[in-house]
Amino acid sequence: MLTFNIDWSGEFFAFFVLAVCAIAGAVLAVNFTKVVHTALSMAFTFVSLAGLFVLLRAEFVAFVQVLLYVGAVTILMIFGIMMTKHQDEGKETGRPLQETLSAVGCLCLFGILFYAIRSAGFPAPADPLPGDNTLAIGKELYTSYAIPFELVSVLLTVAFVGAVALAKREEGEES
Amino acid sequence: MLASYLTLAAVLFCIGLYGVLTKRNAIVVLLSIELMLNAVNLNLIAFSRYGIAPSLKGQVFALFSMTVAAAEAAVGIAVLIALYRNRATVNVDEFDELRR
């Protein structure tokens, strides 16, 4: 059964505003023709998602989101835009068949997900999570998740060294 | 409340999927992939707050997923720059050496 029980509390109002910001940023990012506008609109979406994380009592993840996505990933993408040429970005070659098929597929996926979510009937949480849990996350990361934490740091190091090695201009190749 | 967050995450994921499938510019494709990963993070954090047993495990998972996404973006941009140096284009439908 589909259930639409919504209580119009202050939290839901904040959620509504932030969700509208996030969806508007994402839709505009897909619709813009200039790549820089897309990157900035996507940064707006990431900031809205950080606000949603604060609303979900995940302050540490929210600030990591701002630092990592808005501060690092978007800037990296802007550097990528800067180092490549986009002379033909104004004219979109029409591929109506592919776009229509993709839109239909995405809408079908969303319909399935929406029906599944609305008909699931989630039970209420047992005891709510306390806010301001940065200390608890730190303890968790360094005790029970110590090995994944170290592995992820090794992965980051290897990925960044690999990125530098890939993007570096090779010796003897002048152009 | 949980259902609203999950619906928002589904909307963002579908928009990102549409961007990946239809955009020609490789940088826009990479940004759309980041959007899809962010939707998954929103799911994880919503379940860590409103799930049956709220705990910090969802937030820790989201942190790990963000780290891997950052590594993916760095390697993706590096591959893109290397490809651009060889082909002088960033359109994904012109990277078709394996098809010829």
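## Two chains and their contact

At 0% relative accessibility, Gln59(B) counts as buried. This residue is a good place to start in a model that is predicted. Gln59(B) sits in helix α3 of chain B. Setting aside residues up to four places away in sequence, Gln59(B) touches Arg57(A), Ala58(A), Val61(A), Leu129(A), Asn133(A), Ile137(A) and Ser48(B). The list takes in residues of chain A as well as Ser48(B).

Ala62(B) belongs to helix α3 of chain B too. Ala62(B) is buried, and its relative accessible area is 0%. What does Ala62(B) contact, apart from neighbours within four places in sequence? The partners are Val61(A), Asn41(B), Leu44(B) and Ile45(B). Val61(A) thus appears in the contacts of Gln59(B) and in those of Ala62(B). Gly19(B) is another matter: Ala62(B) and Gly19(B) stand 43 residues apart in sequence, and their C-alpha atoms are 23 Å apart in space.

**The contact between the chains**

How many residues does each chain bring to the contact? Chain B gives 70 residues and chain A gives 78 residues. Between them, chain B and chain A bury about 7000 Å². Carbon and sulfur atoms hold 76% of that buried area. On the chain B side, the residues that lose the most area to chain A are Leu31(B), Arg49(B) and Arg85(B). Together they make up 10% of what that side buries. Salt bridges between chain B and chain A number zero.

**Chain A**

Chain A has six helices and zero strands. Read from the N terminus, its elements run α-α-α-α-α-α. Chain A has 175 residues, and 28% of them count as buried. Its accessible surface is about 10800 Å², with 73% of that on carbon and sulfur atoms. Now take the contacts in chain A with a separation of 6 or more. Residues 24 or more positions apart account for 58% of them.

Helix α2 of chain A covers residues 35-55, which is 21 residues. From its first C-alpha to its last, helix α2 of chain A reaches 30 Å. That is close to the 30 Å expected at 1.5 Å a residue. Just after α2(A) comes Arg57(A), with a positive phi of about 60°. Arg57(A) is also one of the residues that Gln59(B) touches.

Helix α3 of chain A spans residues 59-83 and contains Phe79(A). Phe79(A) has a relative accessible area of 44%, so it is partly exposed. Which residues form a nonpolar patch with Phe79(A) on the surface? They are Ile75(A), Met82(A) and Met83(A). The patch, with Phe79(A) included, has about 420 Å² of accessible area. A helix gives a simple reason for such spacing to matter: with 3.6 residues a turn, residues three or four places apart point the same way.

**Salt bridges**

Over all chains, a search of the whole structure finds three salt bridges. The table gives the pairs and their N to O distances.

| Acidic partner | Basic partner | N to O distance |
|---|---|---|
| Asp93(B) | Arg24(B) | 3.0 Å |
| Glu94(B) | Arg24(B) | 3.9 Å |
| Asp96(B) | Arg99(B) | 3.9 Å |

Asp96(B) is buried, at a relative accessible area of 17%. Its partner Arg99(B) counts as exposed, at 70% relative accessibility. Through shared partners, salt bridges join Arg24(B), Asp93(B) and Glu94(B) into one network.

Where do the members of this network lie? Asp93(B) and Arg24(B) meet in a salt bridge. That pair links distant parts of the chain, 69 residues apart. Asp93(B) is in the segment after α3 (57-87) of chain B, while Arg24(B) is in the loop between α1 (2-22) and α2 (26-50) of chain B.

Arg24(B) counts as buried, at 11% relative accessibility. Asp93(B) is partly exposed, with a relative accessible area of 31%. Glu94(B) lies in the segment after α3 of chain B and Arg24(B) in the loop between α1 and α2, so this pair ties together parts 70 residues apart in sequence. At 32% relative accessibility, Glu94(B) counts as partly exposed.

Technical notes:
Residues numbered from 1 in each chain as written. Chains lettered and ligands numbered in written order. Predicted model: local features only at pLDDT ≥ 70, side-chain atom pairs only at ≥ 80, totals over all residues. Heavy atoms only, no water. Patch = residues over 30% accessible without salt bridge, like charges linked within 9 Å, V, L, I, M, F, W, Y side chains within 5 Å. Areas by Shrake-Rupley, 256 points an atom, 1.4 Å probe, with all protein chains shown as cover. Salt bridge = Lys/Arg side-chain N within 4 Å of Asp/Glu carboxyl O. Helix = DSSP H or I, 4+ residues; strand = E, 2+ residues; numbered from the N terminus. Buried < 20%, exposed > 50% of the residue type's maximum accessible area, 1.4 Å probe, protein only. Expected span 1.5 Å × (residues − 1). Contact = heavy atoms within 4.5 Å. Buried area = accessible area lost by both parts, 1.4 Å probe.
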